[in-house]
Amino acid sequence: MENKYSIADELDTWQKQQDYLSIMKALSNKFDSVYILDMDTGIVVPFFLSEKNKLEYQDAFDRGAMWEDLRWEYGSKYVHKEYKEDFRRNARLSKIRSEMAANGFYKYEYKNDRNGITHYFEMKVAKLSEHDENKVIIGFADIDYYKKIEEKSVTLSKQIQQAEASYRVVQKLMKSGMW
């Protein structure tokens, strides 16, 4: 009987691992890079890297990358000058740990400069496992397209509000006989 339970436990563990791999693969479709961070040790391991990121960071990962070192290097090289200090503060391991403890997830948006072009980027952090609070998955995505749509939507909304206000003024003028 004891063997049945241990086999069932192993199958359950295997299924959970498959579920996490499926989630991580789904994340790698949306994100330019996906990492696993051990918040106890500060060691970060890539799960998925875009080709550009592989060329840039593979050597660091081969040496055993530390989150704080990569955060500083990335912030110095690529984060837009207006966001550098904010990025360094908001991507700190201590900030990630406190946000994860308080909310169970963390999301931070910033601007990134590559080849003289500024893009909006997003860092999302989530628990890797319900059983290990100290391991998180971190994804980075270029959200420039979505930000531009959002900006256009805000502009359009403001234009509609202005048109509606103008329409109400014209209606009042017409009712009062002034027009």
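Analyst: Two residues are in contact when they have heavy atoms within 4.5 Å of each other. The model discussed here is predicted. With that in place, G42 touches L37, A65, M66, W67 and L93, once residues up to four places away in sequence are set aside.

User: Where in the chain does G42 lie, and is G42 buried or exposed?

Analyst: G42 has its place in the loop between β1 and β2. Buried means under 20% relative accessible area. The relative accessible area of G42 is 6%, so this glycine is buried.

User: How far apart are G42 and A65 in sequence and in space?

Analyst: In sequence, G42 and A65 are separated by 23 residues, while their C-alpha atoms are 8.5 Å apart in space.

User: How should the overall layout be read? Which elements does the protein chain have, and in what order do they run?

Analyst: The protein chain contains six helices and five strands. Starting at the N terminus, the order is α-β-β-α-α-α-α-β-β-β-α. Contacts add a further view of the fold: among those with a separation of 6 or more, 44% join residues 24 or more positions apart.

User: What share of the residues counts as buried, and how much area does the protein chain expose?

Analyst: The protein chain has 179 residues, and 31% of them count as buried. The exposed area is about 12,100 Å², of which carbon and sulfur atoms supply 55%.

User: Which residues touch the most other members of the largest nonpolar core?

Analyst: The general idea is that nonpolar side chains tend to be buried together in soluble globular proteins. Here the largest nonpolar core has 25 residues, and those touching the most other members are L37, W67, I96, Y110, M123 and I138. Two or more residues of this core come from each of β1 (33-38), β2, α3 (67-77), α5 (93-103), β3 (105-114), β4 (117-127) and β5 (135-142). Apart from this core lies another one of seven residues, including F31, V34, L128 and I143.

User: What does Y110 touch, leaving out residues up to four places away in sequence?

Analyst: The partners of Y110 are Y74, V79, Y83, F87, H119, Y120, F121, E122, M123 and F140.

User: Which residues make a nonpolar patch on the surface?

Analyst: I43, V45 and M66 make a nonpolar surface patch of about 220 Å². M66 is also one of the residues that G42 touches. Within the patch, V45 belongs to strand β2, which covers residues 44-49. V45 counts as partly exposed because its relative accessibility is 43%.

User: How are salt bridges to be read, and how many does the whole structure contain?

Analyst: A salt bridge pairs a side-chain nitrogen of Lys or Arg with a carboxyl oxygen of Asp or Glu within 4 Å. The search of the whole structure finds eleven of them. K135 takes part in a salt bridge with D38, with the closest N and O atoms 3.6 Å apart. This pair links distant parts of the chain, since K135 is in strand β5 and D38 in strand β1, 97 residues apart. D38 is buried because its relative accessible area is 17%, whereas K135, at 30% relative accessibility, counts as partly exposed.

User: With which other residue does K135 form a salt bridge?

Analyst: K135 also forms a salt bridge with D132, where the closest N and O atoms are 3.0 Å apart. D132 has a relative accessibility of 24% and therefore counts as partly exposed.

User: Which residues are linked in a network of salt bridges?

Analyst: Such a network links K107, E109, E122 and K124. E122 is also among the residues touched by Y110.

User: Where does R88 lie, and is R88 buried or exposed?

Analyst: R88 is part of helix α4, residues 84-90. With a relative accessible area of 10%, R88 is buried. R88 forms a salt bridge with E85, the closest N and O atoms lying 2.8 Å apart. R88 and E85 are both in helix α4, at a spacing of three residues, which is about one turn of the helix. Their side chains are also joined by a polar contact of 2.8 Å.

User: Which residues does R88 contact beyond its neighbours within four places in sequence?

Analyst: The contacts of R88 are then R71, W72, G75 and S76.

Conventions: Residues are numbered from 1 along each chain as its sequence is written. This is a predicted model: local features need pLDDT of at least 70, side-chain atom pairs count only at pLDDT 80 or more; totals for chains, interfaces and linings use all residues. Side-chain values use heavy atoms; hydrogens and water are left out. Patches are made of residues with over 30% relative accessible area and no salt bridge: like charges are joined within 9 Å, nonpolar side chains (Val, Leu, Ile, Met, Phe, Trp, Tyr) within 5 Å. Accessible areas come from the Shrake-Rupley method with a 1.4 Å probe; for residues, only the protein chains shown count as cover. Helices (H or I, at least four residues) and strands (E, at least two) are DSSP runs, numbered from the N terminus. Buried means under 20% relative accessible area, exposed over 50%, partly exposed in between (1.4 Å probe, protein chains only). A nonpolar core is a set of buried Ala, Val, Leu, Ile, Met, Phe, Trp, Tyr and Cys residues joined through side-chain atoms within 4.5 Å. A polar contact is a pair of N or O atoms within 3.5 Å; within protein, one must be able to donate a hydrogen and the other to accept it, and residues adjacent in sequence count only if both atoms are side-chain atoms.
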